[in-house]
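Student: Could you help me learn to read how helices and strands pack together?
Tutor: Sure, let's take a look.

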Amino acid sequence: MSGTPEFHQRVISDAGAAVRGLTVALGERLGLYRALAASGPLTPAALAAAAGIDARYAEEWLHAQLSAGYVVRDGQADTYALPAEHAPVLADPDAVTYAAGFFTALKALYATEDLLVDAYRSGDGVGWAEHDPALDTGMGSFFQPTYEHRLVPDWLPALTGVTGKLAAGGTVADVGCGVGHTTLLIAKAFPEATVHGFDYSEEAISLARQLAEEAGLSDRVVFDVAAADDYPGTGYDLVTFFNALHDMGDPVSAAQHVHKSLDADGTWMLVESNVSPADIDTQTPAARMFMALSAVMCLPVAVAQRGPHALGNHSGEQAFRAIAEEAGFTRWRRATETPVNAVYEVRP
């Protein structure tokens, strides 16, 4: 008995994509896409000179990109070019569609294969700290373009009265802040506000402090190592969770701590993946991405905390709302959304 040719070719295609991801990570780290975007059509030797790499490797990398349909080739001139419509996805970190940064996380994810095999057999987890630091930078790069383009102009104004409070000198706790991209964006936009970033990863907080120093914001942005259910401070006008609650082993305890730490008229901004259990069958690109990440990263991270819950990243709005209500929150609203993220306004 053999599989159908169509399904066999689909799996081969997925295998090719899995390997190609490494070439994308190389292209991002070595600046190859950026060199192509800046210079136009280049021979392999010219790309090698522009990016400072070996010419033979440049040629082989370009062949991989050509077979993927990422670049185009002029066969007579032996030049390769990055189409203009591909540059915002592969070469421009400031574009909302930039996706190349995610692939640098593959080093961390693939390196945990043995740990995942053991976890699947035992029911234990794989904690965030057990991953290579590339996971922090890679996942940060994946979400950062959306945060850069949506957080200040769209998401915060969608919350009731929040921007006025921050402009007047409000206080913010960014919980599960990772390397601090969102924390620093809020601080830049609201220079009168006091902004704190909390994460339980020492590596992430160390990098966040470095980024704050480089941005000239270390005098008014404080980063500390703290868990979601014991971060310091009370009376916050805004507490933010960006794609973090589903990674927590005890999300109810975290939500209860948010409730205690907020001002009576404060707001919990909960940003989560815009997928739900109903999307398991949809096979959209976003759903396929989230389902795979949940199986190898989100669920194992939550299980490793040995809490009462292990949500996965596609628990959906109903599950998150039930957690908020159990924690004492009485007001819930889907403030806005993108194809990837849902933004909830949660209030006491």
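Tutor: We'll go through a pair of helices and then a sheet, keeping in mind that this is a predicted model.

Student: How are two packed helices described?
Tutor: People give the angle between their axes and the distance between those axes. Here, take helix 8 (residues 134-155) and helix 10 (residues 181-189): they pack at an angle of about 25°, and their axes lie 10 Å apart.

Student: Are helix 8 and helix 10 roughly parallel or roughly antiparallel?
Tutor: Angles under 35 degrees count as roughly parallel, so helix 8 and helix 10 are roughly parallel to each other. Their crossing is right-handed.

Student: Which residues in helix 8 meet helix 10?
Tutor: On the helix 8 side you'll find G140, Q144, Y147, E148, L151 and V152, and they meet H181, T182, L185, I186 and A189 in helix 10. Sorted by class, this contact has six nonpolar, four polar and one charged residues.

Student: Now the sheet. What is the order of its strands?
Tutor: It's an open sheet of seven strands, in the order 5-4-3-6-7-9-8, and the pairing is mixed. Strand 5 (221-225) and strand 8 (331-337) are the edge strands, each pairing on one side only. From one strand to the next, the twist averages 20°.

Student: How many bridges join strand 4 to strand 5?
Tutor: Five, and the two strands run parallel. For a spot to find on screen, look for H196, which stands opposite V222 in strand 5.

Student: What does helix 11 touch?
Tutor: Helix 11 (residues 202-214) packs on the sheet, touching strand 4 and strand 5, and its direction makes about 165° with that of strand 5.

Notes:
Residues numbered from 1 in each chain as written. Predicted model: local features only at pLDDT ≥ 70, side-chain atom pairs only at ≥ 80, totals over all residues. Heavy atoms only, no water. Pairing = 2+ DSSP bridges. Helix = DSSP H or I, 4+ residues; strand = E, 2+ residues; numbered from the N terminus. Axes fitted to C-alpha atoms, helices over the stretch in contact; angles between N-to-C directions. Contact = heavy atoms within 4.5 Å. Parallel < 35°, antiparallel > 145°, perpendicular 65-115°, else oblique. Left-handed = near helix turned anticlockwise from the far one by under 90°. Nonpolar A, V, L, I, M, F, W, Y, C, P; charged D, E, K, R; others polar.
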